[in-house]
Each structure stands twice: as C-alpha cells, then as structure tokens.
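Me: I should like to understand the terms applied to this structure. Please set each value against its definition.

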Amino acid sequence: MPIETDVVIIGAGPAGLFQVFELGLLDIHAHVVDSLPRIGGQCGELYPEKPIYDIPAYPVIGAQELIDRLMEQIAPFKAQFHLGQAVTGLERKDNGRFALVTSAGTKFDTATVIIAAGLGAFQPRQLRAPGAADFNGKDIHYRITRPEDLAGKDIIILGGGDSALELSGKVNSLTLIHRRVEYRAQPASVKKMKALAGKGELQEFHGMVREVLSEDGEFRGLSVADAEGLVHKVEADAVYVFWGLSPNLGPLADWGLDIDKRQIRVDTEKFETSEPGIFAVGDINTYPGKKKLILSGFHEAALAAFGVQKHIDPDKRVFLQYTTTSPIMHKRLGLEKDK
Ligand SMILES: Cc1cc2nc3c(=O)[nH]c(=O)nc-3n(C[C@H](O)[C@H](O)[C@H](O)COP(=O)(O)OP(=O)(O)OC[C@H]3O[C@@H](n4cnc5c(N)ncnc54)[C@H](O)[C@@H]3O)c2cc1C
C-alpha cells in the first residue's frame with residue numbers, strides 16, 4: 001500500500017529541511033526522500049567542515065553544524081525520512097493527486113510534491129583511471145569526514161585547493177595534483193595554498209592521472225603524466241578527489257515540468273512549477289534574479305509552504321502568525337499543550 005500524505009519533499013539539503021519547518025508551522029506533516037544515505041545535501045556531503053558566513057544571525061557556522069541546527073529546529077514536526085533512495089517516478093493520478101515511487105520501491109500517494117533536489121541526485125565526479133574501481137570508497141575518497149584519522153598519512157588531493165588547506169598540518173605529507181596551472185578556487189585560498197607550497201608543507205603537481213598504483217592488492221598511489229607527457233609515480237596512503245559534482249537531474253527531467261538549463265522554472269509567489277501541486281525550492285529552481293544560496297532556499301520554502309496549504313485546502317483562509325506570540329504556533333512547536 002502506498003503511504004498517503006499531504007506532501008513529499010524530494011531532497012534533504014538545507015532547503016528541504018527548512019521546508020519541513022515551514023510546513024510544520026502550517027500543521028502540514030512531511031515525508032522527505034533523499035538519494036543519499038545521509039541528511040544534509042551539499043552542506044553535509046561536499047563541505048561539512050567548511051565555515052559558512054552568510055546565514056542570517058550566524059556570523060559563522062560550519063556547514064554540518066547548520067544541518068544539525070536545522071534538524072534540531074524541525075524536530076517538533078516529526079518528518080519521516082526515507083534515505084538512500086532516489087525518487088524515480090512521479091505521475092499525476094486521475095484524482096489530481098500524485099503517485100510517487102523511489103528506487104527502493106517505497107510508494108507514496110501524495111496531494112503535493114516539493115522538489116528540493118539541489119543539483120539533482122548528485123555524485124562527485126569519479127576518478128576513472130585504470131585500477132581506480134578496486135579502491136573507490138576504500139583508499140579513494142570524495143569527501144573528508146574525519147581529518148583526525150589521517151594523522152601520519154601521505155595524502156594526495158586531486159583538484160580542490162580549498163580542501164588541501166583543510167588537511168595541511170594534519171597529515172604526514174600532502175600532494176596536490178591539479179590538471180592546470182591556474183586554479184578556480186577563491187583567490188585567498190589559492191594564495192594560502194601557494195604559501196604552504198612555498199614552505200614545503202604541500203607538494204604541488206600539475207598533470208593528469210594515468211593509473212592507480214597497487215601492489216599485492218594494496219593501494220600505493222598514482223602515476224601522473226606532466227605537461228611534457230613524462231610519467232611520475234606519486235606514492236600515498238589515500239587519495240581525495242575534488243573534481244566537483246556531476247549533477248544528474250535524472251528522472252526529474254522526464255516529469256513534464258518546464259525546465260530551463262537544468263533548472264525547474266517556478267513562479268515567485270508560491271514557487272510552484274508549471275504543474276499545479278508540484279513546487280520547487282532551493283538550487284533546483286529558477287526565476288528572474290535567482291541566486292543559488294541557502295538563504296534563497298529558506299525564503300522560497302516559507303512561501304512554498306503557503307502554496308502547498310492553498311493547494312490542499314483552497315477554501316481555508318490562512319493568516320500569517322508570529323512564532324513569538326501565536327499560541328497556535330507554540331502548540332505546533334510543542335511549546336504549549338492543548339490551547
Ligand atoms: C563548496 C561549496 C560551498 C558553498 N558555500 C556556500 C555559502 O557560503 N553560502 C551559501 O548560501 N551557499 C553556499 N553553497 C551553496 C549551497 O550549499 C547550496 O545553495 C545549497 O546546498 C542548496 O540547498 P538545496 O537544499 O537546494 O540542495 P542540496 O543541498 O543540493 O540538496 C539536494 C538534495 O536532493 C537530493 N536529491 C536530488 N535528486 C533526488 C532524487 N531524484 N531523489 C531523491 N533525492 C534527490 C540530493 O541527494 C541532495 O541531498 C556552497 C556550495 C558548495 C559546493
């Protein structure tokens with residue numbers, strides 16, 4: 001039997017999480033599906049250790065800490081999470097509701113859908129050099145989770161200069177392999193990275209990975225060709241690959257929505273897509289002036305919640321209530337019982 005609900009949110013990044021909160025304030029319970037096994041979207045997956053400086057009222061907050069805080073904030077609304085499963089199918093039923101299905105076979109019968117799918121079901125760009133498949137997830141990684149575990153190790157970083165900074169001083173040796181001489185990281189980060197290279201705390205190498213080296217089934221490092229085609233052996237205990245994301249809209253592209261350059265077009269009143277009852281918030285949507293910032297996703301989630309409310313119950317008059325003073329809000333937030 002499908003799970004019957006008022007709303008399914010696709011994506012547990014910051015926009016999807018805050019969406020739970022805004023719906024909760026309107027007394028709408030949400031199910032949240034994410035293809036990743038973890039909550040947090042890009043913040044949790046790509047840069048959990050990095051500080052963010054443009055979240056209102058937090059002069060600085062770590063990306064993972066932001067996700068933890070959001071989880072704390074939405075706890076009263078008891079959203080149900082379905083992780084490690086991508087939404088693969090979405091169809092409108094004859095009665096106007098939606099049939100939604102995930103890669104794990106979970107089925108929903110839902111009145112509305114909110115797509116908070118960021119860049120799509122994203123995957124870090126993989127190292128595909130010969131031999132890589134044997135070590136993916138073992139010695140070849142795509143995110144830094146516990147830098148303290150790398151103490152004493154020889155580490156190669158492919159791509160991101162920013163990430164090299166994060167590990168400097170915490171490992172035995174750090175080699176940054178970058179395809180081009182120019183970097184696309186923030187100029188301040190590049191400057192710091194060059195300073196580390198100048199002090200010998202980081203080896204900088206420009207070239208292309210040719211092969212993953214191993215001996216008796218053990219990872220040993222990489223062979224790398226320089227601009228002249230000379231092949232060098234770089235020994236290491238592990239390699240971290242930061243070649244960015246390979247965004248994959250996947251099935252979202254086939255749902256008949258109005259899509260512009262891989263973004264879903266929405267109105268700016270309710271953040272509804274071209275399909276009534278399907279909303280899109282956060283990085284996945286586009287409208288004139290759109291900026292892909294966490295802040296924008298939060299604003300969009302607030303207005304989309306009112307849009308969902310209207311779709312579910314068009315005749316109900318909904319008044320804006322302040323969380324500071326409204327007893328109804330306090331009750332929904334679990335602060336006051338039965339008022
Ligand atoms: C290195 C870096 C630094 C950044 N710094 C800042 C900053 O300082 N300030 C700022 O405001 N922004 C910053 N950003 C951007 C910010 O992270 C994004 O704007 C934000 O994460 C978007 O949130 P979201 O919830 O829309 O999408 P995401 O965080 O991308 O989350 C979307 C989720 O949807 C899931 N999903 C996608 N498709 C499916 C599907 N079919 N089924 C199930 N699940 C699906 C994905 O797995 C993902 O978990 C930064 C981004 C990066 C990469």
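Reply: The turns below take the aromatic pairs, the ligand and a pocket. This is a predicted model, in which local features need pLDDT of at least 70, side-chain atom pairs count only at pLDDT 80 or more, and totals for chains, interfaces and linings use all residues. Residues are numbered from 1 along each chain as its sequence is written, and side-chain values use heavy atoms, with hydrogens and water left out.

Me: Why are Phe18 and Phe21 called stacked?

Reply: Rings of Phe, Tyr and Trp (its six-membered ring) pair if their centres lie within 6.5 Å, and planes under 30 degrees apart count as stacked, over 60 as edge-to-face and the rest as tilted. Phe18 and Phe21 have centres 5.5 Å apart and planes at 20°, so the pair is stacked. About one helical turn separates Phe18 from Phe21, because they are 3 residues apart in helix α1. The whole structure holds 5 aromatic pairs.

Me: What makes the approach of Asp34 to the ligand a polar contact?

Reply: A polar contact is a pair of N or O atoms within 3.5 Å; within protein, one must be able to donate a hydrogen and the other to accept it, and residues adjacent in sequence count only if both atoms are side-chain atoms. A side-chain N or O atom of Asp34 is 2.7 Å from a ligand oxygen atom, and the pair therefore qualifies. A backbone N or O atom of Ser35 likewise lies 3.0 Å from a ligand nitrogen atom.

Me: Which residues come nearest to the ligand?

Reply: Asp34, Gln42, Tyr47, Asp54 and Val87 come nearest, out of 31 residues around the ligand (one heavy atom within 4 Å).

Me: Which residues are closest to the centre of the second largest pocket?

Reply: The second largest pocket has a volume of about 330 Å³ (the space filled by probe spheres set on grid points joined across faces, edges and corners). A pocket is an open set of points on a 1 Å grid over the protein atoms alone, where a 1.4 Å probe fits, with protein on both sides within 12 Å along at least five of seven lines; lining residues have an atom within 4 Å of a point. Of its 17 lining residues, Leu26, Phe306, Phe319, Gln321 and Met329 are closest to the centre.

Conventions: Helices (H or I, at least four residues) and strands (E, at least two) are DSSP runs, numbered from the N terminus.
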